[in-house]
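Q: I'm new to this structure and would like a close look at a single part. Could you pick one helix and walk me through how it sits among its surroundings?

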Amino acid sequence: MPPINADLHCHSTISDGLLAPAEVVARAARNGVELLALTDHDELAGLADAREAARIHGLAFVNGVEVSVSWGEQTVHIVGLGVDPACTVLADGLADVRAGRDGRAARMGEALAAIGIRGAYEGALKYVGNPALVSRSHFARYLAEIGAARDVKSVFDHYLVRGKPGYVEHVWATMEDALAWIHAAGGLAVIAHPGRYRLSKRELDELFVRFHDLGGEAIEVVSGSHNREATLEFARVARRYGFLASRASDFHGPGESSVDLGGSDPLPEDLTPVWSKL
């Protein structure tokens, strides 16, 4: 297929983005994006507004979602592309995943209070666009605001990742469930930003094998989280397993994301883009 400016992973205020769904689409259109997927965490509520905005701006749009998955002691993310938001299997599964988020957020607030950062839960709520989905990013924005760290990334590094005082364990969907929900909704499953996971090469290989065996179709070769070296590595993974290749910014908001909407590097030319099957 001829190259197009596709961005198949981004977020709005429905999960942990800074812009409303229609604003995400408008920004993508200004940036020259030709094909966009909104992929909020465990939530489909922004898709209708985004699709209408895409129609107004003349932008091709794909319904998407990013499902939180527990993989051993890690959380990994599986993007579903081309899903039917009316599918009850997917909607009910995502509702189950979201149900535990508020309890986790309250426990994060308690954990941070124990080290002297009081009011973090209430502070995080100021950044929440969807009361059903309070995430680590909302805490990170509040902690950066009060000067607990110099920026959002530093907050994660010092407080919100495994082994740090604000990290709280949570059980998300299984890999089997996530792929079953996406496929029931007619979508394609994509491993999001594999270069972000703190997994050894052997552990990553185990992830790819299991994903492939369960019928997973694609991998984000190009991601806002990947440098050139990572892109080349995950291009090799795509070739090895026969995965389709996705291109994504993982945009969350201006000034917070390393890559803007539509600003990702092109896919290696020999790979089959995931959008060829959408």
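A: Here is a look at helix 3, followed by a quick word on the nonpolar cores. Keep in mind that this is a predicted model.

Start with the helix itself. Helix 3 takes in residues 88-99, which makes 12 residues. From its first C-alpha to its last it reaches 16 Å, close to the 16 Å expected at 1.5 Å a residue.

Now, which of its residues are buried? They are Leu90, Gly93, Leu94, Val97 and Arg98. These buried residues cover an arc of only 140° around the axis, so they end up on the same side of helix 3. A bit of background helps here: an α-helix has 3.6 residues a turn, so residues three or four places apart point the same way. Flip to the other side of helix 3 and you'll find Thr88, Asp96 and Ala99, which are exposed.

So what lies over the buried residues? The cover includes strand 3 (60-71), along with helix 4 (101-113) and helix 8 (175-184).

Finally, the cores. The largest nonpolar core has 70 residues, and those with the most contacts inside it are Val67, Ile78, Phe208, Ile219 and Val221. Helix 10 (residues 228-241) gives the largest share of this core, 6 residues. There's also a second, separate core of 21 residues, with Val128, Ala140, Val152 and Val155 among them. As a general point, nonpolar side chains tend to be buried together in soluble globular proteins.

Conventions
Residues are numbered from 1 along each chain as its sequence is written. This is a predicted model: local features need pLDDT of at least 70, side-chain atom pairs count only at pLDDT 80 or more; totals for chains, interfaces and linings use all residues. Side-chain values use heavy atoms; hydrogens and water are left out. A nonpolar core is a set of buried Ala, Val, Leu, Ile, Met, Phe, Trp, Tyr and Cys residues joined through side-chain atoms within 4.5 Å. Buried means under 20% relative accessible area, exposed over 50%, partly exposed in between (1.4 Å probe, protein chains only). Helices (H or I, at least four residues) and strands (E, at least two) are DSSP runs, numbered from the N terminus. The expected span of a helix is 1.5 Å times one less than its number of residues. The arc is that of the directions from the helix axis to the C-beta atoms. Contact means heavy atoms within 4.5 Å.
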